[in-house]
Amino acid sequence: VRHVRFSGDGKRLLTLSDDGTVRIWAAAAQDEILPAARFQGKIIGASVRKGNVWLVVSEDDNSVTVWDYTRNSLIVSLKGHTTHNDNPTTDRARIDPQGRRLITSIGDRTARIWDLRTGAEISHVAVDPHSPMIYDIGFSQDGRLAYAAADNLYVWEVNSGKVVSVIRPMGTSSLANTYSASFNPDATEIVAASDAETRIWDVATGKIRRELTKAWADSVRYSPDGRRIAVVPTHGEAATILDAKTGAVVASLVGHDHFINALEYSSDGRLILTTSEDSTARLWNAETGQQIRVLTDVGGMFRAHFSTDGRKVLTESGGPAFLKLSGNASETWRGRLWPAFADTAAMMHDARAAIPRCLTRDQRLAAFLDAEPPAWCIEMEKWPYQARDWKDWLKYERANLRPPFPDTPEWKTWLGARQ
């Protein structure tokens, strides 16, 4: 291949080869840049569900709207909050694992849960009016319980609104705040990070079960299987993965150049996603702590999320929620979808699935490669190895029977002798 050119829209690839042909290919992009968007309100949350991007917007009239950005349609408008923050970076929104409910906090010191199908408020909890703000909100894996981290940690039943426990991070002290929390898989325990310590609490009784660290922390998350807890220390540039039972350090996530402001596990627990004040998002191997990929975009990133199936990452740049960092009132929201690979093998599998064909045997020889095609070209039925004869050839080759290639005259004779 002598020349390669992309089309203007980047969706096609043109090649000029010594075989005398000009060919046009589909360009399998590693990531998808979404069209820029502008809303009257402030984008306070995002989610990727079944391939569609949902955006949660805090409106100027104190309502919250949920948009299917992919289909350009309004899903629901939610009314109940009494005020909103001028600084949208303090607003919170999160959709439950089942995609049926939304929890929001936009400035009135309440956390409210909504039915996304009907728009009705299901329940809410009000934190202490003297609390600076609500720092974190979330659901249990089964969607039965919810929490709000503020001065104290508030846990309540989603359907009934009954408060299960109110956990004060430093006993009788009124000075501490709870900045982040996360349920274990069966929601019998909840880990909470505060000014003074990171502790695991009994959800039903509100009593401490064990202390993990005495250091201040800004973000904590249980792994989906409950074996690990990822912790970001206050103003920390590295996160730590701890054993949930012993508190022992299992691995460290080292690579960011500025404070980490959020982290989360993928749904299968194999990956951790972090975002940082260094304007990057990073993917890590959750077992080893090895950095897998650095995600960057023009103007930096301020939020990142896994899709519900854990196969993609949505990063957010620009928009009204980015004003604190950009200072540009005309900024539009920009989203970008990235594949989330747990390792090189997964990345290679995705790349192989994306390409439309493999090299012919003649092309391989011309490129000084072995004439034998890679097994994956045959297994994935890539042209020109999509015929049944090639699958039979691969079977015999793996049995060390040394068959001739199916595109040679010897193949039919050899195959007939075998049968």
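Which residue does R209 meet in a salt bridge, side chain to side chain? Keep that question in mind while you look over the whole model, which is a predicted one, and then return to it at the third stop.

**The whole chain**

Begin with everything shown as a cartoon, where you can find six helices and 31 strands. The protein has 419 residues, and 50% of them are buried. If you switch on the surface, you are looking at an accessible area of about 20,500 Å², of which carbon and sulfur atoms account for 51%. Of the contacts between residues at least 6 apart in sequence, 40% link residues that are at least 24 apart.

**A four-stranded sheet and the core**

Next, select residues 136-139 and 163-167, which are the strands β13 and β16, the two edges of an open sheet, each pairing on one side only. Adding the strands between these edges gives the full order β13-β14-β15-β16, in which the pairing is antiparallel. On average, neighbouring strands of this sheet are turned by 10° against each other, if direction is ignored.

Within the sheet, colour β14 (residues 145-149) and β15 (residues 153-157), which are antiparallel and joined by five bridges. Show A146 in β14 as sticks and look across to β15, where W156 is the bridge partner of A146.

Both A146 and W156 also belong to the largest nonpolar core, a group of 14 residues in which they are listed, together with I103, A111, I113, I134 and A148, as having the most contacts. The elements that contribute two or more residues to this core are β11 (110-115), β13, β14 and β15, and it is worth giving these strands one colour before you go on.

Now centre the view on I103 and display what surrounds this residue. Leaving aside residues up to four places away in sequence, I103 touches several others, including A111, I113, A146 and W156 from the core, and also R92, R94 and R112.

**The hairpin of β19 and β20**

For the third stop, select residues 198-202 and 208-213, the strands β19 and β20, which run antiparallel and are joined by four bridges. Five residues lie between the strands of this hairpin, and G206 has a positive phi near 75°. Across the pair, R199 stands opposite E211, a residue of β20.

Here the opening question can be answered: R209 forms its salt bridge with D202, with a distance of 2.5 Å from N to O. Are the two partners buried or exposed, or something in between? D202 has a relative accessibility of 12% and therefore counts as buried, whereas R209, at 41%, counts as partly exposed.

Two further salt bridges can be displayed in this region. In one, E197 is joined to R199, where the closest N and O atoms are 3.9 Å apart; E197 is buried, with a relative accessible area of 6%. In the other, K214 is joined to E211, with 3.1 Å between the closest N and O atoms. K214 counts as exposed because its relative accessibility is 64%, while E211 is partly exposed at 32%.

To see how such pairs can be linked, select E189, D202, R209 and R210 together, since salt bridges that share partners join these residues into one network.

As a last step, zoom out and show the charged side chains throughout the model, where the structure holds 24 salt bridges.

Notes
Residues are numbered from 1 along each chain as its sequence is written. This is a predicted model: local features need pLDDT of at least 70, side-chain atom pairs count only at pLDDT 80 or more; totals for chains, interfaces and linings use all residues. Side-chain values use heavy atoms; hydrogens and water are left out. Buried means under 20% relative accessible area, exposed over 50%, partly exposed in between (1.4 Å probe, protein chains only). Contact means heavy atoms within 4.5 Å. Accessible areas come from the Shrake-Rupley method with a 1.4 Å probe; for residues, only the protein chains shown count as cover. A salt bridge is a side-chain nitrogen of Lys or Arg within 4 Å of a carboxyl oxygen of Asp or Glu. Two strands pair if DSSP finds at least two bridges between them. Axes are lines fitted to C-alpha atoms, for helices over the stretch in contact, and angles run from 0 to 180 degrees between N-to-C directions. A nonpolar core is a set of buried Ala, Val, Leu, Ile, Met, Phe, Trp, Tyr and Cys residues joined through side-chain atoms within 4.5 Å.
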